[in-house]
Amino acid sequence: MVTRVLIAEDNELHAEVLRRYLEQDGHSTTIVRDGQAAIDEVRRNRPDLVVLDVMMPGTDGLEVCRVLRRESDVLVLMLTARSTEDDLLLGLELGADDYLTKPYSPRELVARIRTLLRRVGRPPVADDGVFRVGELTVDPARREVRAGGRLVECTPGEFEMLAAMAAHPGRVFTRQQLLERAGNVDRHSTERTVDVHIRNLRKKIEPDPGRPARLLTVFGVGYKISGARIGRVHGA
């Protein structure tokens, strides 16, 4: 299945080079020149991955990333000329999955994209599919969670957070991102209550909650589900 990549880059030459390298690697590409166009394109056509330049006219890449993370699970690889640690951490905290600093090699960018897609198991599972990460399964349609075949009872907020992470094993979610996932069903949650939800989930899905192997903390950033890929289960 062809992966659809959106290139959000206002430099025409750079965008064309990226397009050529990505299409040679088998991806389908679309190019936009500014931040608002990137947001509109993601809303309209739901690409699998966005290559997002930070420095764009109008809405910059950081704000684009902030908006996308409120609305979408699309993978985001940021391109930035800012090399300070604070700037790089800000991009990751906003939800970028990876970044490259300029100047960069187009071949390295293609390799990074391959790694991202492999890590989260793209192409995505259909909305009515069952997410499987090791012995953990999450069924969004039936709103069921099983750990080692055992049915696990979850609150609505816990389920939404777990489903978001299970859909993208290996990807780090910040507390704010998890809070936004649970916000529709758990309106009184705060970032501190995210930690409570995680602690309760560990009691339910971990063989040893004191030494979690499935639901991991990424210190200074947030949480992730451990797992190499995502699968689809029929009739689960």
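1. Contact here means heavy atoms within 4.5 Å. With that in hand, P209 touches R202 and K203, leaving aside residues up to four places away in sequence. P209 is found in the loop between α8 and β11 (215-218). Please keep in mind throughout that this is a predicted model.

2. Staying with P209 for a moment: is this residue buried or exposed? Neither label fits, because its relative accessible area of 36% makes P209 partly exposed; buried would need under 20% and exposed over 50%. Looking back along the chain, R199 lies ten residues from P209, and the C-alpha atoms of the two are separated by 8.0 Å.

3. Now for the overall picture. The chain holds eight helices and twelve strands. It has 236 residues, of which 45% count as buried. Its accessible surface comes to about 11900 Å², and carbon and sulfur atoms supply 48% of that. If you take the contacts with a separation of 6 or more, 59% of them are between residues 24 or more positions apart.

4. A good place to begin browsing is the open sheet of five strands, whose order is β2-β1-β3-β4-β5 with parallel pairing. β2 (28-32) and β5 (98-101) stand at the edges with a single partner strand each, so one side of each is left without a neighbour in the sheet. From one strand to the next, the twist averages 20°.

5. Within that sheet, β1 (residues 4-8) and β3 (residues 49-53) run parallel and are joined by four bridges. If you want a pair of residues to locate on screen, I7 stands opposite V51 in β3.

6. Two helices that pack on the sheet deserve a look. Helix α1 (residues 12-24) touches β1, β2, β3 and β4 (75-80), and its direction makes about 170° with that of β2. Helix α2 (residues 35-45) touches β1, β2 and β3, with a direction at about 165° to that of β1.

7. Further along, try the strands β6, β7 and β8. β6 (residues 131-133) pairs with β7 in the antiparallel sense over three bridges, and V133 has L136 as its bridge partner in β7. The hairpin of β6 and β7 has two residues between the strands, and G134 takes a positive phi near 60° there.

8. On to the next hairpin: β7 also runs antiparallel to β8 (residues 144-147), joined to it by four bridges. L136 has A147 as its bridge partner in β8. Four residues lie between β7 and β8, and R143 in the turn has a positive phi of about 55°.

9. Which way do the side chains of β7 (residues 136-139) point? In a regular strand the side chains alternate between the two faces of the sheet. Here L136 and V138 point one way, T137 and D139 the other way, and all are buried.

10. Finally, a helix pair. The axes of α7 (residues 175-182) and α8 (residues 191-205) come within 9 Å and cross at roughly 80°, which means α7 is roughly perpendicular to α8. From α7 the contact takes R175, Q176, L178 and L179, and from α8 it takes E191, V194, D195 and I198. Sorted by class, this contact has four nonpolar, one polar and three charged residues.

Conventions. Residues numbered from 1 in each chain as written. Predicted model: local features only at pLDDT ≥ 70, side-chain atom pairs only at ≥ 80, totals over all residues. Heavy atoms only, no water. Pairing = 2+ DSSP bridges. Axes fitted to C-alpha atoms, helices over the stretch in contact; angles between N-to-C directions. Parallel < 35°, antiparallel > 145°, perpendicular 65-115°, else oblique. Nonpolar A, V, L, I, M, F, W, Y, C, P; charged D, E, K, R; others polar. Buried < 20%, exposed > 50% of the residue type's maximum accessible area, 1.4 Å probe, protein only. Areas by Shrake-Rupley, 256 points an atom, 1.4 Å probe, with all protein chains shown as cover.
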